[in-house]
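Here is a friendly walk through some side-chain contacts and surface features. Have the structure open as you read.

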Amino acid sequence: MNASHILLLISGYFVLLLIISYFTGKNDSNEDFFKAGKQSPWYLVAFGMVGASLSGVTFISVPGWVESSQFSYMQVVFGYFLGYLITAFVLLPVYYKQNVTSIYEYLDERFGFVSYKVGAISFFVSRVLGAAFRLFLVAIVLQQFVFDAWNVPFEITVTLSILLIWVYTFRGGIKTIVWTDTLQTLFMLVSVGLSIYFILDKMDWTFIEFLNSQELGKYSKTFFTDDFSSKNNLVKSFLGGMFITICMTGLDQDMMQKNLTCRNLGEAQKNMVSFSIVLVVVTFVFMLLGALLFIYADAQNIALPLMDGSPKSDLLFPEIALNSGLGITVAITFMLGLIAAAYSSADSALTSLTTSFCVDFLNTGKKSESVAKRTRRITHIGMSVLLIVVVISFKYILDRNVIDGLLTVASYTYGPLLGLFSFGIFTKHQVKDKYVWIVAIVCVAIILILAKLPVEYLGGYIFGYELLPLNGILTFIGLWLIRKKPAAATTKDIM
């Protein structure tokens, strides 16, 4: 499959998305852009959220991670599952009760203006970086296998990718995304299934033979319990995964915005529970695919592709799908799956960033409909430009596996959100709102220092994803220290 064929496939795919956008974006109102009129069927949202949660990071980076980490990522995924249940039955009731457009409006009601802005800024930074990680991954694949053949600069590849997302989301927003995510999830799952089928066929294996093979046994160790100081210890990974989900789904405007388009709380909870079960199963299939890719690469003497002179495990899946002779079906479904996986998260990220900035910073809810709509459109363009700049910068600063980098960044940026929401939901205390930003900055700084400490200073202990809950705990303690003393009871109160 050459570069021209891939570009033609991408063009056809986006034509399909534009057709969906045309029908879902006819209203072009802020109500539809932000909430889809609160009429989305829960099962449609649940299926679409699978693709949005997995994204291009899971599609490529998780299989590429298997060689170095085996199936240890599943420990994190089991933690995800518990985190989704907590999100469904603790956080969703709060959001539906408050009837929020941006979930950070809860912090304004609970604590005050500064807390509200700290929460919104934490999300904004988190989502910009998270979306950029995902877009970067698909951009380097497109660059390596399509645009390098035409000497198109990486910067142009990134700009075109985000421009295409802007085109099909600028009118319908979240209403469009609920439908496009469903299509994108379908393409992604079909791609993974067919890739496994054709690789097994090439190796003359049945699926059962693959599961029972000694080759799989070299990669499939899942639980790591022997060394608590290691980064991939079971307890640390499970708890880290749980808190990552609570933060990156339950406290994230991007993921919650989809849930808030459901008709009522009950449907939103059904969506979350069913989606979480499917996600665990699908992620395990991705791990199996990753092991199969490395087994196949060994059998066929396929080396890891190079990027800027260094081996890049994230590029093994595209290398095998496009250049190893598996046939045109695998190549086509891989590219459709890759594009779908990448854009199913990137488009909703762009929409949620626009929503948060409009509601949380520009206060469009108190403006006239015409002014609010114009503000939303300008903001949508601004968020697109911001993502372009950040994605391009990653090419020069990113030095690790993308999924690992994404989860590490979450440990820093979502900590203040975890602490703020936990303190608001599980205590009745008010805080000295004007000091909340200081607490957030100090806690993130402490986490950064801990993460950078040499391991010999910690007796060989290596911090992993437990930095996120630790960040939340420190923020909670900081808020406790700046809580307001209860007002003295008056004679009238006593009587």
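Phenylalanine 421 is buried in this predicted model, because its relative accessible area of 2% falls under the 20% cut-off. What does the ring of phenylalanine 421 pair with, and how are the two planes set? Its partner is tyrosine 106: the ring centres are 5.5 Å apart and the planes meet at 20 degrees, so the pair is stacked, the limit for that label being under 30 degrees. This contact joins distant parts of the chain, as tyrosine 106 sits in helix α5 (residues 105-110) and phenylalanine 421 in helix α18, 315 residues apart. Tyrosine 106 is buried too, at 6% relative accessibility.

Both rings belong to one aromatic cluster, made up of Tyr95, Tyr104, Tyr106, Phe123 and Phe421. Across the model, the count of aromatic pairs comes to 22.

Now to the charged side chains. How many salt bridges are there? The count is two, and here they are side by side:

| Salt bridge | N to O distance | Relative accessibility of the Arg | Relative accessibility of the acid |
|---|---|---|---|
| Arginine 127 – aspartate 252 | 2.7 Å | 3% | 0% |
| Arginine 263 – glutamate 267 | 3.8 Å | 42% | 16% |

The bridge between arginine 127 and aspartate 252 links distant parts of the chain: arginine 127 is in helix α6 (residues 113-145), while aspartate 252 is in the loop between α11 (234-250) and α12 (253-259), 125 residues apart. Arginine 127 counts as buried, and so does aspartate 252.

In the other bridge, is arginine 263 buried or partly exposed? Arginine 263 is partly exposed, because its 42% lies between the 20% and 50% cut-offs. Its partner glutamate 267 counts as buried, because 16% is under 20%.

On the surface, a nonpolar patch of about 530 Å² is formed by Tyr435, Trp437, Ile438, Ile441, Val442 and Ile446. Tyrosine 435 is in the loop between α18 (415-426) and α19 (436-452). With a relative accessible area of 35%, tyrosine 435 is partly exposed; it can join a patch because that value is over 30%.

One last stop is helix α8, which covers residues 174-202 and has 29 residues. From its first C-alpha to its last, α8 reaches 41 Å, close to the 42 Å expected at 1.5 Å a residue. Just after α8, aspartate 204 takes a positive phi of about 60 degrees.

Note on methods
Residues are numbered from 1 along each chain as its sequence is written. This is a predicted model: local features need pLDDT of at least 70, side-chain atom pairs count only at pLDDT 80 or more; totals for chains, interfaces and linings use all residues. Side-chain values use heavy atoms; hydrogens and water are left out. Helices (H or I, at least four residues) and strands (E, at least two) are DSSP runs, numbered from the N terminus. The expected span of a helix is 1.5 Å times one less than its number of residues. Patches are made of residues with over 30% relative accessible area and no salt bridge: like charges are joined within 9 Å, nonpolar side chains (Val, Leu, Ile, Met, Phe, Trp, Tyr) within 5 Å. Accessible areas come from the Shrake-Rupley method with a 1.4 Å probe; for residues, only the protein chains shown count as cover. A salt bridge is a side-chain nitrogen of Lys or Arg within 4 Å of a carboxyl oxygen of Asp or Glu. Buried means under 20% relative accessible area, exposed over 50%, partly exposed in between (1.4 Å probe, protein chains only). Rings of Phe, Tyr and Trp (its six-membered ring) pair if their centres lie within 6.5 Å; planes under 30 degrees apart count as stacked, over 60 as edge-to-face and the rest as tilted.
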